[in-house]
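This report walks through one protein chain, from overall build to single residues. Keep the model open alongside the text.

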Amino acid sequence: MSDDTEFFSQRDRMAFRRFALNRLKSGTFDLGDGAELARQLDLQDRPDEVGNNVLDLSLMSLRQYFAHAYRNRRPDGSRFRVYPAFVNGRIPNAFAWEFRQVHLCGVYLGLASVCHEFSLFCLAQQTTFPDIGDPSVETSPESIDGFPPGFWLYQAGTDLDEAEQIARWSSLQPRDHHRKQAVEYLTILMLRFVWLHELCHGLNGHVGLAKSHGWVPYLHENGVEPSRGIAKRQIQCLEFDADQSALYMLCRIQTDGLENIPGLCDWSLPERLALSIFAAYATTWILDEYARGPDAPEETDHPDPYQRLHNLIWTLASNVAPIVPDLKPIHMACLGEVGRVAQVIPSFLKPDMIIHDLRAKTLEAELSGFQEDLSRLRGDLVPYRYTQRQKS
Ligand SMILES: [Zn+2]
């Protein structure tokens, strides 16, 4: 069997660009494009949506992880190929699809921008992340014009003149050096969870199954192009499955000592795990907040974000706890942080409610129902799944 494993080749890069241009009507942002994009958009002196180094770092980091996936094959022997890049679109969205024999994973710059602004706001508070740097020097800014932190630049910031944009944006910058660094770490971990979620849509056979049935034009995260009405339940099951696998991988990166972001590697394992889990939880709030905003579609084929959060907690208990013996205190530390952030972002996740709802029979029954449907669906996914079981 051929061993055609040139990682992230020029051919695959062109396939990504072609798909983004023709199907998503968007340009792309790839490794090395940072300087060019900054020049074209004159971003150097403006409150850029995300520092270009964060985008490059995010892509470089995840490519190391994605490269491992090339070992996987379908039952018919075909090898997994994947190409990740950013899509130059303002909506906080992400997608996965297969095009010209390569799995494409795309995160929209709009989502990166929201994650970055959210991280800035969180680390600029005196009351959050008390163990990082010196929070007492922070200015604890209020959310700009009442927009949920993360959504100001997306919803309103670009309507302002440049000087006002810069002044407003500057108010969100943490002062402490370690907290500035932590903004990058949190942004990258939130994006990593999304990248892994898109990777798992490909690896777990979701893209192959959805494509073979013509369920959707591509898998995406924010309901901008709804499925064709025949597979809402199935699509929801696939979303839960991708979240489960992505959270498991997110934690395995830490437990296996594979963290590759300079600086973050120096944190202890419990600290890295707690921030990773916080990052994954925060993405469910971002989906929820977007769904409440003016651009959200009236209907979506995706699961309720709060159900997704509980699906993540269930995954921790059933899949991650066996590999992390002291997960409970780590999770309590994470929920403590969730609580401190909820003090400064009123719509954020509420730990008391989360803990209370862990015992809510309705929610438990809904999630069990999805899990049963997912177990049935796994049979249909077998021909499209990529695994390492086969030897060539
Ligand atoms: Zn998805």
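## Overall build

The secondary structure of this protein comes to 14 helices and 5 strands. The radius of gyration is 20 Å, close to the 21 Å that the globule rule gives for 392 residues, so the protein is as compact as a globular protein of that length. Along the principal axes, the C-alpha atoms fill a box of roughly 60 × 50 × 45 Å. Buried residues make up 45% of the 392 residues. Contacts reach far along the chain. Among those between residues at least 6 apart in sequence, 71% join residues at least 24 apart.

## Confidence

The model is predicted. Its pLDDT averages 88, and 90% of the residues score at least 70. Among the elements, helix α12 (residues 327-344) has the highest mean pLDDT, at 97. Helix α2 (residues 34-41) has the lowest, at 54. Over residues 41-49 the pLDDT is below 50. Beyond near neighbours in sequence, that stretch has 15 contacts in the model.

## The sheet

In what order do the 5 strands of the open sheet lie? The order is β1-β2-β4-β3-β5, and the pairing is mixed. β1 (28-29) and β5 stand at the edges. Each has a single partner strand, so one side of each is left without a neighbour in the sheet.

Three of the pairings are set out below, each with a bridge partner.

| Strand pair | Sense | Bridges | Bridge partners |
|---|---|---|---|
| β1 (28-29) and β2 (residues 82-87) | antiparallel | 2 bridges | T28 and V87 |
| β3 (residues 94-99) and β4 (residues 102-108) | antiparallel | 6 bridges | F95 and G106 |
| β3 and β5 (residues 219-220) | antiparallel | 2 bridges | A96 and L219 |

Strand β3 has β4 and β5 beside it in the strand order. Is β3 enclosed or open to the outside? 5 of its 6 residues are buried, so β3 is largely enclosed by the rest of the structure. Consecutive residues of β3 also serve different partners: F95 bridges to G106 in β4, while A96 bridges to L219 in β5. In a regular strand the side chains alternate between the two faces of the sheet.

A helix covers this part of the sheet. Helix α8 (residues 206-213) lies across β3, β4 and β5. Its direction makes an angle of about 70 degrees with β3.

## The β3-β4 turn

β3 and β4 form a hairpin with 2 residues between them. R100 lies in this loop, and so does Q101. What sign does phi take at R100? The value is positive, near 55 degrees, in a residue other than glycine. Q101 also has a positive phi, of about 65 degrees, although it is not a glycine. Most residues other than glycine have a negative phi.

The turn residues can also be read by burial. R100 has 14 C-beta neighbours inside 10 Å and counts as partly exposed. Q101 has 11 other C-beta atoms within 10 Å, which makes it exposed, because the cut-off for that class is 12 or fewer.

## Helix α9

Helix α9 (residues 232-255) has 24 residues. Does its length agree or disagree with the expected span? At 1.5 Å a residue, α9 should span 34 Å. Its end C-alpha atoms are 35 Å apart, which agrees. 18 of the 24 residues are buried, so α9 is largely enclosed by the rest of the structure. α9 is followed by G257, whose phi is positive, near 70 degrees.

## V324 and its contacts

V324 is found in the loop between α11 (305-320) and α12. Which residues does V324 touch, not counting those up to four places away in sequence? They are C251, T255, L273 and I330. C251 is 73 residues away along the chain, yet the C-alpha atoms of V324 and C251 are separated by 9.0 Å. Two of these partners, C251 and T255, fall within the residue range of α9. V324 has 18 C-beta neighbours inside 10 Å and counts as partly exposed. A buried residue needs 20 or more, so V324 stays outside that class.

Technical notes:
Residues are numbered from 1 along each chain as its sequence is written. This is a predicted model: local features need pLDDT of at least 70, side-chain atom pairs count only at pLDDT 80 or more; totals for chains, interfaces and linings use all residues. pLDDT is the predictor's confidence in each residue, from 0 to 100. Helices (H or I, at least four residues) and strands (E, at least two) are DSSP runs, numbered from the N terminus. Two residues are in contact if their C-beta atoms, placed from the backbone, lie within 7 Å. Two strands pair if DSSP finds at least two bridges between them. The radius of gyration is taken over C-alpha atoms; the globule rule is 2.2 Å times the number of residues to the power 0.38. The expected span of a helix is 1.5 Å times one less than its number of residues. Axes are lines fitted to C-alpha atoms, for helices over the stretch in contact, and angles run from 0 to 180 degrees between N-to-C directions.
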